[in-house]
Amino acid sequence: MKVIILAGGGGTRLFPLSRKCMPKQFLAIDQDKTLLAETIERFKNLVKPEDIVIVTNQEYIHHVKSELALCGASEAHIVVETEPRNTAPAIALAAQYCLDELGCAKDEVMFISTSDHIIRPVVVFQNAVTKAAEFASKGNFVTFGVKPTKPETGFGYIEAGEDLHGAYKTSAFKEKPDLETAKAYLAKGNYYWNSGLFAFRVDVYQNEIRQYAPDIHKELKANYRETAANFSNMPNISIDYAVAEKSKLGVTIPLNLYWNDVGSWDAIYDVLDKDDFGNALQGDCLPIDCSNSLMLGQSRLIAGIGLDNIMVVETSDVILVAQKGESQKVKDLVDILKARGRKEATEHTTMYFPWGSATSLGGGRGYKMKRLVINSGEGLATRMHYHRSVHWIVTQGTAEVTIGDVVQMLHSNESVFIPMTTKYGLQNPGKMSLVVIEVENGEYLEDDDVVLLTQ
């Protein structure tokens, strides 16, 4: 069995914590591990790391590699989407990778997993995965249905039909219902939340997309590399719409465990521990006469007085305040910010790169300040600026600085000045992280004044 983990999404429903530069699969919600790390470790007792394939996009490769290293799963494979094309094309690309790059047989079972859900207890889930693999090996198109605990309008549903002894024939997929319909589903007892988890053989999936999604199938080329190069021509469509809702091979396996798609701040409130008054608190929080509220802070004190059913989420550059039950509108908020050209819609004050990270420390007319963290053995590409000078102050580690053709070493509490129109580079030759405070001065400080001379 090959486990395919889909980790290319850039969702914004958990704004301001989740943004395009750092979506929720790379966030730690209620544990020290990120959701992607939790997902990877969920399968480590079922398959070897080399049997795991993670599908992501170019922007997130360094995040994925970092998580794999932390999980002890660096042998896992990474498949890169050239453009976001939703789950059905992503799975088709992964299937081609399994055949051509991993040498899988056409009857190899693929288990398709999200990368950003909370599922507990793990042992119950692992038993269900084993059962799913058994049904999938027989040619079924298997999905997991989560036993609903309340009439939920934010999820799609699966109607279970004939009892197959441990599973059910899939009768139908249902769109997100209104409240009265959701109550009816709950009362009937044979409706399940659509988990977004699937299992099927490689040949079954390829045959299904040939029949139900020919626009995807026609873009599958003779080998993986040609298919990857052609990936952007595939339609943007989910596996649910493309195949699952149409397949005649559907089987649903019930999941009787805790499942949370972490799709909103209301979902975050649900998973976090509560105090005696129903408040979920993370960070430096001081509630007085507050109840049933969420307070999540990162960089400063959150003090609340008399709050009830209120959510407060704080990052270094944004404070979100919302009524509980209204968090689905966060996506609308992000759309407004994007329309107004606000960088907060997509960027954090700390941005992560393959070489390390850059944190904005503020700025004003004619200047910007950043804190650069350069990983051991990494560095900045050689560059220059037409409209700004740069001043670096080393606060930790050893810096190898190249200015023009001159190379010099800087240590903690030492600094260097780089004039305009001068090429320069920075490397960390040491064993520990290099930390540099960067001050930029000039009349024009936008990103297009950064002229890269080497990659």
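Biologist: In what order do the six strands of the open sheet with antiparallel pairing stand?

Modeller: This is a predicted model, and in it six strands form an open sheet whose pairing is antiparallel. Strand S18 (350–353) and strand S25 (415–418) stand at its edges, each with a single partner strand, so one side of each is left without a neighbour in the sheet. From one strand to the next the twist averages 20°. Read across the sheet, the order is S18-S19-S20-S27-S22-S25.

Biologist: Which residue of S25 is the bridge partner of Trp392?

Modeller: Strand S22, covering residues 388–396, pairs with S25 in the antiparallel sense, and four bridges connect the two. S25 itself is an edge strand with a single partner strand, so one of its sides has no neighbour in the sheet. Within S25, the bridge partner of Trp392 is Val416.

Biologist: How many residues of strand S27 are buried?

Modeller: S27 spans residues 434–442, and in the strand order it stands between S20 and S22. Strand S20 (residues 367–374) is joined to S27 by eight bridges and runs antiparallel to it, while eight bridges also join S22 to S27, again in the antiparallel sense. The strand is mostly covered, and of its nine residues the number buried is seven.

Biologist: Which residue of S27 stands opposite Gln396, and which one is the bridge partner of Ile374?

Modeller: On the side of S20, eight antiparallel bridges lead to S27, and there the bridge partner of Ile374 is Leu434. On the side of S22, which is likewise antiparallel to S27, the residue of S27 that stands opposite Gln396 is Val435.

Biologist: Which strands stand at the edges of the open sheet of four strands?

Modeller: This sheet has the order S12-S14-S16-S17, and its pairing is mixed. Its neighbouring strands are turned by 5° against each other on average, with direction ignored. Two of its strands have a single partner strand each, so one side of each is left without a neighbour in the sheet, and these are S12 (280–282) and S17 (319–323).

Biologist: What is the bridge partner of Val313 in S17?

Modeller: Strand S16, made up of residues 310–314, runs antiparallel to S17, and five bridges join the two. In S17, the bridge partner of Val313 is Leu320.

Biologist: Are the faces of strand S2 covered or open, and which residues lie on each side?

Modeller: Strand S2 (residues 52–57) is mostly covered, with six of its six residues buried. Strand S1 (residues 2–6) runs parallel to S2 and is joined to it by four bridges, with Ile5 standing opposite Ile54. Both faces of S2 are covered, by the burial of Ile52, Ile54 and Thr56 on one side and of Val53, Val55 and Asn57 on the other.

Biologist: Are helices H3 and H6 parallel or oblique to each other?

Modeller: Helix H3 (residues 87–100) and helix H6 (residues 202–212) pack with their axes 10 Å apart, at an angle of about 135°. An angle over 145 degrees would count as roughly antiparallel, and H3 and H6 are therefore oblique.

Biologist: What classes of residue make up the contact of H3 with H6?

Modeller: H3 passes H6 in a left-handed crossing. On H3 the contact is made by Ala88, Ile91, Ala92, Ala95, Gln96 and Leu99, and on H6 by Val202, Tyr205, Gln206 and Ile209. Sorted by class, this contact has eight nonpolar, two polar and no charged residues.

Methods. Residues numbered from 1 in each chain as written. Predicted model: local features only at pLDDT ≥ 70, side-chain atom pairs only at ≥ 80, totals over all residues. Heavy atoms only, no water. Pairing = 2+ DSSP bridges. Axes fitted to C-alpha atoms, helices over the stretch in contact; angles between N-to-C directions. Parallel < 35°, antiparallel > 145°, perpendicular 65-115°, else oblique. Left-handed = near helix turned anticlockwise from the far one by under 90°. Contact = heavy atoms within 4.5 Å. Nonpolar A, V, L, I, M, F, W, Y, C, P; charged D, E, K, R; others polar. Buried < 20%, exposed > 50% of the residue type's maximum accessible area, 1.4 Å probe, protein only.
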